[in-house]
Amino acid sequence: MTDPRTTVVVITHNRRDELLHTLDRLAALPERPPVTVVDNASTDGTAEAVRARHPAVTLLTPGRNLGATGRNLAARLVTTPYLAFCDDDSWWEAGALTGAADLLQAHPRLAAVTARILVHPTTGEAPFEDPIVTELRHSPLPRPPWLPTPALGSFLAAATVLRTDAFRAAGGFSPRLWLGGEEELLAADLAAHGWWLTYADHLTAHHRPSPHRDTRLRRRHGIRNTLWFTWLRRPAPAALRRTAHLVRTVPRDVTSARAFAEAAAGIPWVLRERRPLPRPVEDRLRLLEAPQKTSTARRYVG
């Protein structure tokens with residue numbers, strides 16, 4: 001079942017043990033995918049451990065924490081037609097990479113395939129389906145006749161396989177956003193270039209959330225990046241609606257205040273780089289506004 005069409009790209013920062021577990025899982029896949037790890041300036045011996053335990057892995061050490069744009073660095077060097085992203089606490093199920101590659105190969109206008117996500121609690125309970133999966137499975141977006149699976153407005157990087165050329169042409173992940181909800185801007189830009197995104201219920205990615213995460217930092221960046229994306233790509237009425245909704249619903253604490261302050265500080269460059277989406281793409285995003293407001297999987301907490 002060896003399948004050379006897809007390279008798995010993993011970004012990591014100071015999660016050596018979680019990363020080694022992920023690499024063990026990827027090494028056991030029947031597809032035998034090439035794997036590239038971008039070590040975002042870890043100080044816990046991550047690079048040395050990868051070299052010792054997984055010498056076949058391509059290891060990139062940029063010397064600083066690039067966040068999500070570490071994936072851009074890896075994508076420049078990849079020679080396969082497809083890219084599968086992984087976090088250092090997630091991995092792909094056997095056959096999923098082949099299934100995603102088959103979908104991308106069969107549908108030339110498809111840029112990204114997102115898999116079902118199973119969450120593995122670190123406390124040992126049975127794995128469960130990530131709450132976001134229900135939203136993906138029942139996406140309200142209309143899909144073209146050639147697409148056999150639900151159309152999406154965005155994707156989750158750790159459970160998505162993308163077309164390498166499309167990822168590069170769209171510019172990859174924005175250095176401005178760094179990390180935290182960085183997928184939304186790239187997804188919109190892919191759609192603006194005529195690409196489609198889909199969810200595939202028959203494919204599975206696994207996630208064992210690392211206990212080594214700064215939840216406040218992730219929430220701060222998530223709020224900030226949502227605002228920046230909204231101001232960069234949505235027309236004024238939609239941008240005002242989403243901004244107002246966040247003002248009303250995020251926790252009223254220091255973390256949220258810092259997020260809004262950082263977003264406001266970026267307004268000068270946002271105005272310079274603002275590029276509203278084409279009408280057909282904006283019409284699709286408007287269909288997602290109601291589900292986003294009622295979502296139980298998109299809460300800015302932590």
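This passage walks through the core, the salt bridges, the second largest pocket and the largest cavity of a predicted model.

Start with the core. The largest nonpolar core takes in 86 residues, and within that set Leu-26 and Trp-92 touch the most other members. Leaving aside residues up to four places away in sequence, Leu-26 is in contact with Val-8, Val-10, Pro-33, Val-35, Cys-86, Trp-91 and Trp-92. So the two residues that touch the most other core members, Leu-26 and Trp-92, also touch each other, since contact here means heavy atoms within 4.5 Å.

Next come the charged pairs. Side chains of opposite charge can pair when their charged atoms come close. The count for this model is 24 salt bridges. One of them joins Asp-189 to Arg-233, with 2.8 Å between the closest N and O atoms. Asp-189 sits in helix α7 (residues 183-192) and Arg-233 in helix α8 (residues 215-233), so this bridge ties together parts of the chain that are 44 residues apart in sequence. Both ends are tucked away: Asp-189 is buried at a relative accessible area of 9%, and Arg-233 is buried too, at 6%.

Asp-189 has another partner as well. Its side chain also meets that of Arg-275 in a salt bridge, at 3.8 Å from N to O. Arg-275 belongs to the loop between α11 (267-273) and α12 (279-286), while Asp-189 lies in helix α7, so here the pair ties together parts 86 residues apart in sequence. What about Arg-275: buried, partly exposed or exposed? Arg-275 comes out as partly exposed, because its relative accessible area of 46% falls between the 20% and 50% cut-offs.

Helix α8 turns up again in a further bridge, this time through Arg-220, whose side chain pairs with that of Glu-262 at 2.7 Å, N to O. Glu-262 is in helix α10 (residues 254-265), and the two partners are 42 residues apart, making this a link between distant parts of the chain. Arg-220 is buried, with a relative accessible area of 14%. Elsewhere, Arg-15, Asp-88, Asp-89 and Arg-213 are joined into one network by salt bridges that share partners.

Now for the open space. The second largest pocket has a volume of about 310 Å³. Its lining is made up of 18 residues, and those closest to the pocket centre are Pro-33, Pro-34, Val-35, Ala-56 and Val-57. Pro-33 and Val-35 have already come up as contacts of Leu-26. Two or more lining residues come from each of α1 (16-27), β2 (35-39) and α3 (70-77), with α1 giving the most, at three residues. By class, the pocket lining splits into 11 nonpolar, six polar and one charged residues.

As for enclosed space, how many cavities of 30 Å³ or more are there? The count comes to one. The largest cavity holds about 70 Å³. Its lining consists of Leu-152, Gly-153, Ala-187, Ala-191, Trp-195, Trp-196, Leu-197, Val-281, Arg-284 and Leu-285. At least two of these residues come from each of α7, β9 (196-207) and α12, and α12 has the largest share, with three. Helix α7, then, both carries Asp-189 and helps line the largest cavity. Sorted by class, the cavity lining has eight nonpolar residues, one polar and one charged.

Key:
Residues are numbered from 1 along each chain as its sequence is written. This is a predicted model: local features need pLDDT of at least 70, side-chain atom pairs count only at pLDDT 80 or more; totals for chains, interfaces and linings use all residues. Side-chain values use heavy atoms; hydrogens and water are left out. A nonpolar core is a set of buried Ala, Val, Leu, Ile, Met, Phe, Trp, Tyr and Cys residues joined through side-chain atoms within 4.5 Å. Buried means under 20% relative accessible area, exposed over 50%, partly exposed in between (1.4 Å probe, protein chains only). A salt bridge is a side-chain nitrogen of Lys or Arg within 4 Å of a carboxyl oxygen of Asp or Glu. Helices (H or I, at least four residues) and strands (E, at least two) are DSSP runs, numbered from the N terminus. On a 1 Å grid over the protein atoms alone, a cavity is a set of points where a 1.4 Å probe fits but cannot get out, and a pocket is an open set with protein on both sides within 12 Å along at least five of seven lines; lining residues have an atom within 4 Å of a point. Grid points are joined across faces, edges and corners, and a volume is the space filled by probe spheres set on the points. Ala, Val, Leu, Ile, Met, Phe, Trp, Tyr, Cys and Pro count as nonpolar, Asp, Glu, Lys and Arg as charged, and the others, Gly among them, as polar.
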